[in-house]
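Reader: Please take a close look at the pockets of this chain for me. What lines them, and which parts of the fold supply the residues?

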Amino acid sequence: ALYFYRPFQHPDGRWCINLRTIRRHYLFGMFIPDFISTIPYNLISYVAGDAGSETGIVLVFGLLKLLRLIRLNRLMVDSHVVTQVRLKCNSQVLQLFKYTFLIVLLTHLIACMWCWVAFIENQFEDQGFEFGETQNWIS
């Protein structure tokens with residue numbers, strides 16, 4: 001609801017404070033992705049009775065949650081705190097932190113993929129899977 005009243009900046013640098021123009025800009029811009037990304041798909045699938053199954057429609061709606069990443073980028077760009085940190089800190093230090101975070105994130109994702117492979121291997125060996133029950137290369 002805040003974006004219906006929040007001024008936005010035109011590409012030429014002017015700020016728009018007309019409420020009607022602000023509402024129209026938000027409705028025809030980011031309203032649909034914001035609305036779709038806030039729908040509780042897990043609750044809908046639970047009420048519909050598909051709580052344990054991963055049907056195709058539930059997976060498609062789950063992928064729509066990725067639209068939240070668009071909102072995150074917009075919040076980071078509009079954030080005054082981020083702008084102040086960028087102005088006060090040395091750019092090399094910020095790049096160092098950014099690349100360090102990227103390395104840690106990629107390492108985490110690769111470790112998750114390795115763990116996923118081990119779980120899939122274990123599920124094919126015995127159907128009654130309990131973590132630590134059988135030995136494989138990850139446990």
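Author: Helices (H or I, at least four residues) and strands (E, at least two) are DSSP runs, numbered from the N terminus. The model is predicted, with local features needing pLDDT of at least 70 and side-chain atom pairs pLDDT 80 or more, while totals for chains, interfaces and linings use all residues. Numbering starts at 1 along each chain as written, and side-chain values use heavy atoms, without hydrogens or water.

First, the fold. The chain has seven helices and two strands, and both strands come before the helices, since the order from the N terminus is β-β-α-α-α-α-α-α-α. Just 12% of the 139 residues count as buried (under 20% relative accessible area; exposed is over 50%, partly exposed in between, 1.4 Å probe, protein chains only).

Now to the largest pocket (an open set of points on a 1 Å grid over the protein atoms alone, where a 1.4 Å probe fits, with protein on both sides within 12 Å along at least five of seven lines). Its volume, the space filled by probe spheres set on points joined across faces, edges and corners, is about 410 Å³. Fifteen may sound like a long list, but of the 15 lining residues (an atom within 4 Å of a point) the ones closest to the centre are R6, P7, F8, Q9 and D78. So where do the walls come from? β1 (8–9), α1 (19–27) and α5 (68–78) each give at least two residues to this lining. F8 and Q9 fall within the β1 range, and D78 sits at the end of α5. R6 is in the segment before β1. At 28% relative accessibility, R6 counts as partly exposed. R6 also comes to 9.8 Å from N18, C-alpha to C-alpha, although 12 residues separate the two in sequence.

By class, the lining of this pocket is eight nonpolar (Ala, Val, Leu, Ile, Met, Phe, Trp, Tyr, Cys, Pro), four polar (the others, Gly among them) and three charged (Asp, Glu, Lys, Arg) residues.

While we're on α1, have a look at L27, which lies in that helix. L27 is partly exposed, with a relative accessible area of 40%. Its C-alpha is 8.3 Å from that of F4, with their positions 23 residues apart in the sequence count.

The second largest pocket comes in at about 200 Å³. Its lining is easy to write out in full: L72, M76, F97, K98, F101, L102 and L105. Here the suppliers are α5 and α7 (91–125), each with at least two residues. The largest share belongs to α7, with five residues. L72 and M76 fall within the α5 range, so α5 is a name you meet in both linings, alongside β1 and α1 in the largest pocket and alongside α7 in the second largest.

By class, this second lining holds six nonpolar residues, no polar ones and one charged. K98 is the charged one.

If you want to trace this on screen, take α5 as your guide: D78 takes you to the centre of the largest pocket, being among the residues closest to it, and L72 and M76 take you to the second largest.
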